[in-house]
Amino acid sequence: MRAILRFLTLVALVATPSISFAQVAELRLGEQVVFTRDSGGVRQRIPQTTLDGFVYFSESAGAWGFCYGEKYYGSCTAGLFLDFTSWFEVAVAGGAERFRGDDGRNQTMGRYALSALFFGESICPLELYYENGASGEYWHQGSIMCEPARGLSFGIIEQRQVGIGPALKLRPIRAIPIEVWGARVYDPELPPQFRWNWTAGIRLVFQREK
């Protein structure tokens, strides 16, 4: 969580002045809950917080960042992205993660992230994200969400340690920057009898368009 607070400070001190001349910018703060079971079959609710955003500095390049936090763990990366074509974008970033080690002490290690966006201007964009670092604890997520009507999206999402499955996302009131979503997910890393789970979340989305 401290990493997320540091990223918020960075946004306030650095990104906000840049937004004034940027063509497009977005900042998203989300809270996700995974409804699953532990190895003994006991029901669990695992809350997860995310903060991510981007800002364009030119027609095809800009800066972006992603932060993730849960109990005893937090990570933040920030970097640059480039639109190679109207349908393909790639991004790289560096940062750090902080977690509680086996000895009970907090540890901080370097981290990097890679991201790609395909068909970003279509109604069904494909997003891929990969993160790893000195700890060797990798994480990835992906989604293909179609938006046939403004405020309504459906498709497939995937997250490591959450699962993969169909998802539905809604923005109930266009004038209020709140999205809600839910998904039925299958996690192959869990014991067979506990692999089907649910996840749901809410997200504040702030946008600035040219």
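The paragraphs below lead through the salt bridges of this structure and then through the strands around S3, in a model that is predicted.

A search of the whole structure finds seven salt bridges, and the walk can begin with one of them, in which the side chains of Arg-28 and Asp-52 meet with 2.4 Å between N and O. This pair links distant parts of the chain, since Arg-28 belongs to strand S1 (residues 24–37) while Asp-52 belongs to strand S2 (residues 43–56), and the two are 24 residues apart. Arg-28 has a relative accessibility of 18% and therefore counts as buried, because the cut-off for that label is under 20% relative accessible area. Asp-52, with a relative accessible area of 8%, is buried too.

A second salt bridge joins Arg-111 to Glu-97, and here the closest N and O atoms are 3.2 Å apart. Arg-111 lies in strand S6 (residues 106–118) and Glu-97 in strand S5 (residues 88–100), so this pair ties together parts of the chain that are 14 residues apart in sequence. Both Arg-111 and Glu-97 are buried.

Further along the chain, the side chains of Arg-203 and Glu-179 meet in a salt bridge with 3.0 Å from N to O. Here again distant parts of the chain are linked, with Arg-203 in strand S12 (residues 196–209) and Glu-179 in strand S11 (residues 178–186), 24 residues apart. Arg-203 is buried, as is Glu-179. To return to Arg-28 and Asp-52, salt bridges that share partners join these two residues and Glu-26 into one network.

From S2, which holds Asp-52, the reader can pass to the strand paired with it, S3. Strand S3 covers residues 61–70, and eight of its ten residues are buried, so the strand is largely enclosed by the rest of the structure. On one side of this account stands the pairing of S2 with S3, which is antiparallel and runs over eight bridges; within it, Tyr-56 has Gly-62 in S3 as its bridge partner. A hairpin of four residues makes the connection from S2 to S3.

S3 also pairs with strand S4 (residues 73–85), again in the antiparallel sense, over ten bridges. In this pairing Ala-63 stands opposite Leu-80 in S4. The two strands S3 and S4 form a hairpin with two residues between them, and Tyr-72, which sits in the turn, has a positive phi of about 70 degrees.

Technical notes
Residues are numbered from 1 along each chain as its sequence is written. This is a predicted model: local features need pLDDT of at least 70, side-chain atom pairs count only at pLDDT 80 or more; totals for chains, interfaces and linings use all residues. Side-chain values use heavy atoms; hydrogens and water are left out. A salt bridge is a side-chain nitrogen of Lys or Arg within 4 Å of a carboxyl oxygen of Asp or Glu. Buried means under 20% relative accessible area, exposed over 50%, partly exposed in between (1.4 Å probe, protein chains only). Two strands pair if DSSP finds at least two bridges between them.
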